[in-house]
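Visitor: Could you walk me through this one? I'd like to know what stands behind each label you use.

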Amino acid sequence: MEQNKLKIAVIGGGSWATAIIKMLTDNTAPKEVFWWMRNEETLQHIRKFRHNPKYLSSIAICVKPENLSTQIKEVVEKAEVILLNVPAAFLKNALEGITAADFKGKKIISAIKGIVPDENQIVGDFIHQHYQFPLDQFLVLSGPCHAEEVALEKLSYLTLASQDKKLAAELACYFNTRYIKTNISDDIYGTEYAAVLKNIYAIASGICHAVGYGDNFQAVLISNAIREIKRFVDAVHPITRDINESAYLGDLLVTGYSQFSRNRTFGNMIGKGYTVNSAQLEMNMVAEGYYASNCLHEVNKKYQVDMPISKAVYAILYQKRSPVTEMKQLAEQLS
Ligand SMILES: NC(=O)c1ccc[n+]([C@@H]2O[C@H](COP(=O)([O-])OP(=O)(O)OC[C@H]3O[C@@H](n4cnc5c(N)ncnc54)[C@H](O)[C@@H]3O)[C@@H](O)[C@H]2O)c1
Ligand SMILES: O=P(O)(O)OC[C@H](O)CO
């Protein structure tokens, strides 16, 4: 029995990693969970008090104290499935010292919704290229799901994507609980890119709210945003997909409308006149869409997809354009 236990390591110590730890330990399939975080002080606190002091501190942590570590190589070595969950901007830093040999023979799941800066690559491409990691052993965990609602055990749906649907189905069984249902998909590219893009549209949503647009306009913005997502993912990876599925439209909706959204909150602050630095400092959480906006601007130089909302967000965040003027110009282009 001991031998049949899945050994899974979660890499990252933020809200989503903490929520994933909860799902994995609430799920009853036999497994051994390892957890890497960079901060020794946080780790010692969790060992002693069984709660993450910084994120979702109401969650009781049920990982064995000896399975917590700040040594990434050690954690990766022990596990057969590695679940990556540091914000994309810090991924390279977190994986420092890890080589292709360390990942060999393992499966990697990315629960990151961001693009790796400088490389301008989604996580699947980054891991494949930099670690010669086979794409058929790479999975994407996504879906409309806020860590805060997982902490409250509110019913949520995830999507686990893999080129090998059988593998996705096998691993999905380790996440399901009373409050988590996991769909499977074979669209790793569409799932990753849609999750990255929705963060940019949540920023747009927050900016619009801050400068005075109401729910009527927000609905038009989101309706245009899903069309923008479809145009982009169809250009990057043209397969048959239903963009209305939860991993695409669902994720856009939750992030665009929820009180818990980091990206919408960040956009709201930018719309109110905060600088990027002050908004980031105030939040104590990472809004992936800020980094993604710049990366996507670069990636889209190749694809030349018509993306007026992304363009407006980029102009506000990176070209210091006025949110009021930019949104006014954007409004002229929406339908
Ligand atoms: N929070 C959610 O509900 C949720 C849901 C789905 C996916 N995600 C994705 O999960 C990933 C992690 O997001 P999160 O919401 O857990 O993050 P978070 O904002 O809750 O936490 C930030 C994390 O970044 C780390 N960090 C901050 N500065 C750092 C630095 N300089 N170097 C290294 N690490 C640093 C912190 O230690 C912490 O682990 C993101 O890609 C996000 O899009 C989040
Ligand atoms: O809504 P955000 O910006 O907090 O992002 C969190 C998740 O991606 C929602 O699925």
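Visitor: What makes strand 8 largely enclosed?

Guide: Keep in mind that this is a predicted model. A residue counts as buried if 20 or more other C-beta atoms lie within 10 Å of its own. Five of the five residues of strand 8 pass that test, so the strand is largely enclosed by the rest of the structure. Phe 138, Val 140 and Ser 142 point one way from strand 8, Leu 139 and Leu 141 point the other way, and all are buried.

Visitor: Why do the side chains of a strand split like that?

Guide: Because in a regular strand the side chains alternate between the two faces of the sheet. Strand 5 gives another example: Lys 107 and Ile 109 point one way, Ile 108 and Ser 110 the other, and all are buried.

Visitor: How do you know that strand 5 and strand 8 pair, and in which sense?

Guide: Pairing takes at least two bridges found by DSSP. Strand 5 and strand 8 have three, in the parallel sense, so they count as a pair. Within that pair, Ile 108 sits opposite Phe 138, and Ile 109 is opposite Leu 139.

Visitor: And in what sense does strand 8 pair with strand 9?

Guide: Here it's antiparallel, over four bridges. Val 140 of strand 8 faces Ala 161 in strand 9.

Visitor: What about strand 4 and strand 5: how many bridges join them?

Guide: Four, linking residues 81-84 of strand 4 with residues 107-110 of strand 5 in the parallel sense. Val 81 is opposite Lys 107, and Leu 84 has Ser 110 as its bridge partner.

Visitor: Why is the pairing in the sheet called mixed?

Guide: Strand 5 and strand 8 run parallel, whereas strand 8 and strand 9 are antiparallel. The sheet is open, with eight strands in the order 3-2-1-4-5-8-9-10.

Visitor: What makes strand 3 and strand 10 edge strands?

Guide: Strand 3 (68-69) and strand 10 (180-185) each have a single partner strand, so one side of each is left without a neighbour in the sheet.

Visitor: Which strands does helix 6 touch?

Guide: Helix 6 (residues 123-130) packs on the sheet against strand 4, strand 5 and strand 8, and its direction makes about 160° with that of strand 8.

Visitor: Which domains are assigned, and where do they run?

Guide: The domain assignment gives domain 1 (2-186) and domain 2 (190-333). Their C-alpha centres lie 25 Å apart.

Visitor: How do you know that the two domains touch?

Guide: Contact means C-beta atoms within 7 Å. By that test, 23 residues of domain 1 are in contact with 23 residues of domain 2. On the domain 1 side, helix 6, strand 8, strand 9 and strand 10 each give two or more residues. Strand 9 has the largest share there, three residues. That side divides into eleven nonpolar, ten polar and two charged residues.

Visitor: Why do you say that ligand 2 lies between the domains?

Guide: Domain 1 and domain 2 both give residues to its shell, so ligand 2 lies between them. The shell holds 14 residues, and the closest are Lys 113, Thr 255, Ser 261, Arg 262 and Asn 263. Helix 9 (188-210), helix 11 (246-257) and helix 12 (262-272) each give two or more residues, with the largest share, three, coming from helix 11. By type, the shell has five nonpolar, six polar and three charged residues.

Visitor: What makes helix 11 largely enclosed?

Guide: Ten of its twelve residues are buried, so helix 11 is largely enclosed by the rest of the structure. Among them are Tyr 248, Leu 252 and Thr 255. The cover over the buried residues includes strand 8, strand 9 and strand 10, plus helix 9, helix 10 (215-236) and helix 12.

Visitor: And which residues come nearest to ligand 1?

Guide: Gly 14, Ser 15, Trp 16, Phe 90 and Met 285, out of 24 around ligand 1. Its shell draws at least three residues from each of domain 1 and domain 2. Helix 1 (residues 15-26) gives the largest share, three residues. The shell around ligand 1 divides into 13 nonpolar, eight polar and three charged residues.

Key:
Residues are numbered from 1 along each chain as its sequence is written. Chains are lettered from A and ligands numbered from 1 in the order in which they are written. This is a predicted model: local features need pLDDT of at least 70, side-chain atom pairs count only at pLDDT 80 or more; totals for chains, interfaces and linings use all residues. Axes are lines fitted to C-alpha atoms, for helices over the stretch in contact, and angles run from 0 to 180 degrees between N-to-C directions. A residue is near a molecule or strand if its C-beta atom, placed from the backbone, lies within 6 Å of it. Ala, Val, Leu, Ile, Met, Phe, Trp, Tyr, Cys and Pro count as nonpolar, Asp, Glu, Lys and Arg as charged, and the others, Gly among them, as polar. Domain bounds come from an automatic or database domain assignment.
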